[in-house]
Amino acid sequence: MDSNIEAKEPFDWKRFCFLMLGVALFVIVYYCPPLPDAVDPNGVHFPLSKEAKGALAVFLLAGTWWVFEVVPIGVTSLTIGALQALFLIRPAKVAFKDFMDPSVLFIFGSIVIGMVFTKTGLTKRLAYKMLIVVGEKTSMIYLGCFIVTAALAHIMAHTAVAATIYPLLLTIYALYGEGDKQTKFGKGLFMGMAYVAGAGSIVTLLGAARGAVAIGFYNDVVGKTVGFFELTKFMFPIGWLMVFLLWGFFMVFLKPEKTTIPGLRQKAKDLDANNGPITKNEILAAVIVGSVILIMSLGSLIDGFPKLHKTAVILCSTILFFILNILDIDDLEEIPWNIILLFAGAMSIGFCLWDTGAAEWLAVNWLVMFEKASPFVFIMSIAFFVMMMTNFIMNVAAIAISLPVALVIAPYLGAAPEGILFASLVTAGMPFLLLVGAAPNAIAYDSKQFTTGEFFMYGIPASAMLMVVVAIAVGVIWPLMGMPIYVTPAG
C-alpha cells in the first residue's frame, strides 16, 4: 500500500447522531396528530395550524443543529429557509425575504465598522491605550474590556458595540502570547464581551431597538408610557450589577491561565509610541462612526428630530467608507458571511413562528400554567419565558407575544404591569445560550475561541444567575426605588 495515501478519517458518529436528532425532531413534530388549542384566561382559543406545527418542527431542527454545530451555522440558516418553502410552511418569497431584513443589514453595517477600525489602525491605538491603563493583570483586562463594552452599549446599538470592540479584543488577545490557540482567557474575553454588551444595552433606549418597541407596545395595551430617563433609572442598577457579576462569573468558570502578562504595560506603551501620529483615514473613520452614533441617538432623545431608520443610517457609513477609499473590494470579500447568514436564518425562523401563530400558541400555553400563581412567581415566569424565547427569535417578538397574555392575567393576580415590562426587558437583553440570541454572541464566535456547544453550556449557569438577579430586582431593588410590583387584585 502506498504510504502516501492518507488514512481515512474515522466516521464522526457524534455529528451524525445530532444531525439525525434534528431531523427526527422535525419529522415527529411535523407529522404528529393535531395538538390541542391554547386557551387564554378569557376563553380565546389559539389553534396550532399545520403551518404553525411546521414552524415548531423547523425551530427544533435548527436549535439542535445550531447547538451541536453539525453543519456550519450559516448552512443551518439556509436549511431554515429551504424547509419552509419545501414543506409549504410559508411561501418561498416570504421565507427568503426575511434573509435581507433591515436588522440583518444593520448587523452587516456594524461588522463593516469593526473592519474599518481594524484596517485604519484605530483598534490597535485604542487597545494599547486601554492596556496601559488596566495594566498586566488578566483579571483587570477582563474588567476593563467589560466596562468599556457595557458603557458603549449605553449610547450605541450593542451590535455595533460588539463589532467595534471585537477587533480590539483580537489585538489584546494577540499579546497574551498563545497565538490562535483556544484558551480560557480567550473564551472568557470574547464570550464575556458578548454577555456584557447585552447587560449594557438594557440600561438605555439607545442600546437596542427592543426597549422602544416594547414601551410603545406597553403604552398601547396599558395606556401608560415610560420615559427615556425613567427606563434608565430602573435599569441602571440591574445592568451594572450583571456586568460585575459576569466579571466574577468568568473569573470563576474561565479563570485565565496566566495571572499576569509580564511586561505587557511597557510593551503596550512601546507599541503605542510606534503607532505614530493619527492618520487621515483614522480621523475620517472616527468622524463617520461618531456621526452615525449621534444621528441615531438624537432621534431617540429629541422630540421633533427626524427619526431616520437606523439601518439606513449605518449603511450610509458603509457607503462612505468605500467612496473615501477607506475600504475596497478586497475588504468586502472579507465579510464573515457565515455570521450574516446565521442572523438571516434567525430572522426567518423568528418571523415564521410569529406569522404562523406558533409563538403565540407557545406563549399562551406557558403563561396560563401560572394564572393562579402569586404575583412574584407570575412575573418570574414571564421573565423566564422571554429569556428562553429570545435565544431563538427576535427579542422584540418574544416580548410582544408574551405581554398581551401576561397583561390580561396580571390584574387578577395583583401583579403590576411595570414589573412585567421591566423584568421582560432585562431577560430579553441577555440571551446567553445560543449564538442566534444576539448579534454580539455571533460576532464573538468569529474569534474561534469557543464552540457553539461550549457557549450553550456556559450559558446555562449564566442564565440561572440572570434569573436570580431578576428575582432580587423584582423582590427588593425595584420596590425600594418606587416601582409598583403588586396591586390590589381585580375582581
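A salt bridge is a side-chain nitrogen of Lys or Arg within 4 Å of a carboxyl oxygen of Asp or Glu. This is a predicted model, where local features need pLDDT of at least 70, side-chain atom pairs count only at pLDDT 80 or more, and totals for chains, interfaces and linings use all residues. Residues are numbered from 1 along each chain as its sequence is written, and side-chain values use heavy atoms, leaving out hydrogens and water.

**Exercise 1.** Find the acidic partner of Arg90 and say which parts of the chain the pair ties together.

*Solution.* Start with the contact: Arg90 pairs with Asp355 in a salt bridge whose closest N and O atoms are 2.8 Å apart. Next, place both ends: Arg90 sits in the loop between helix 3 (73–86) and helix 4 (92–97), and Asp355 in helix 16 (residues 337–356), so the bridge ties together parts 265 residues apart in sequence. Helices here are DSSP runs (H or I, at least four residues), numbered from the N terminus.

**Exercise 2.** Decide whether Arg90 and Asp355 are buried or partly exposed.

*Solution.* Take the cut-offs: buried means under 20% relative accessible area, exposed over 50%, and partly exposed in between (1.4 Å probe, protein chains only). Arg90, at 5%, is buried. Asp355, at 46%, is partly exposed.

**Exercise 3.** Do the same for the salt bridge between Glu178 and Lys258.

*Solution.* The closest N and O atoms of Glu178 and Lys258 are 3.5 Å apart. Glu178 has 27% relative accessibility and counts as partly exposed; Lys258, at 26%, is partly exposed.

Definitions and conventions:
Helix = DSSP H or I, 4+ residues; strand = E, 2+ residues; numbered from the N terminus.
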